Amino acid sequence: MKKMFAMLPGPAPVRVVLGAAIIVVALALMLVLFEYAGRYFDQGGTLG
Amino acid sequence: MRTVIRRIGWTFIWAGVLVFAFVAYQLWGTGLVTAREQVVAERDIVEYFETERVEASGGDREAPTGSNYGTFEVPLDESGRVIEDDLPTFNFGEDWLPADSPGSGKPLAILTFPSMETRAESVSRKIGLADLDDKLSYVVYEGESLTTLRKGPAHYLDTPLPGEPGNSAIAGHRTTYGAPFGRLNELRAGDPIIVETSTGIHTYVVRDPEVAQPSGNFISVHEGDGWGIVSPSDTWVVSNRDGAWLTLTTCHPKRSARQRLIVFAELVASTPYDAAPEED
């Protein structure tokens, strides 16, 4: 984690903001992936 | 070599974390989404009922506030089945008019399974406080889109509204998003299902699926149960039919979308909402 943080460009405050943004985007992508994959387990019971 | 093995090890660890996060989100995270939506819906549906009832009265009456549900009791025998002879006589009458849909994605009705105890009811019954209000209950939304189904059970847009003639159909999640229909397989023929809408309180009774079957075939029906299994493409289940029916559909088996579990219930009593308070 420390290595990844060090690889981010700019001074420390900028890296913190960038790191937070990357985490938010990664969580959002994960949620979209989970929602998509979840349809194979439960489609809400609709027909047709 | 050591570095490669370490990287492979970390990859497996992160893959495991991802799978655990996925399962946790599906089983519990989605339930939190639905629980939050249901809390909001419980408030919104009371406002919707009140608005509809004032409009139905021509706007010149003051509608009582809240839900009628607490004032209504279902006559049940010792085994929990409906005593149909004790219900008010049911007919739609000559003045019957269909209700307006609230629009897709909006709260439509309150669906209650009086034969199913919630965990809270189970506890309260033990200390002598059992009440119909504590039974398993959900706010039903209009429109069966995936987005709507995240909020709770959803009424199929192309079917009549609950409490109306024809076949009114409602879908719900079996495993995720609070699993509102997770216990549908506990229903037996004769069990009551109650739906409160803006027009009144409608009592349905679960029928033996093979007897109630309008057309088409089941993959399986378990004797004595009030449910059957069909294919996801069996749209005959929700097609319109004579009489007044409520059809509930959900995924089967649990944690799979391979088949559908369905319940047919017939309308046996309808207590219309009377928007007019007693006039002196």
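**Chain A and its contact with chain B**

Buried residues, defined as those with 20 or more other C-beta atoms, placed from the backbone, within 10 Å of their own (exposed: 12 or fewer; partly exposed: in between), make up 15% of the 48 residues in chain A. This is a predicted model, in which local features need pLDDT of at least 70 and side-chain atom pairs count only at pLDDT 80 or more, whereas totals for chains, interfaces and linings use all residues. Residues are numbered from 1 along each chain as its sequence is written, and chains are lettered from A and ligands numbered from 1 in the order in which they are written.

Chain A has two helices and zero strands, these being DSSP runs numbered from the N terminus (helices H or I, at least four residues; strands E, at least two), and its C-alpha trace spans about 55 × 15 × 10 Å along the principal axes.

The contact, for which two residues must have their backbone-placed C-beta atoms within 7 Å, takes 12 residues from chain A and 26 residues from chain B. On the side of chain B that touches chain A, at least two residues each come from α1 (2-56), α3 (146-149) and β9 (244-252) of chain B.

The pLDDT, the predictor's confidence in each residue on a scale from 0 to 100, averages 82 in chain B, where 80% of the residues score at least 70. Among the elements of chain B, the lowest mean pLDDT (51) belongs to helix α2 (residues 119-126) of chain B and the highest (97) to strand β3 (residues 154-155) of chain B. The model as a whole scores ipTM 0.77 and pTM 0.84.
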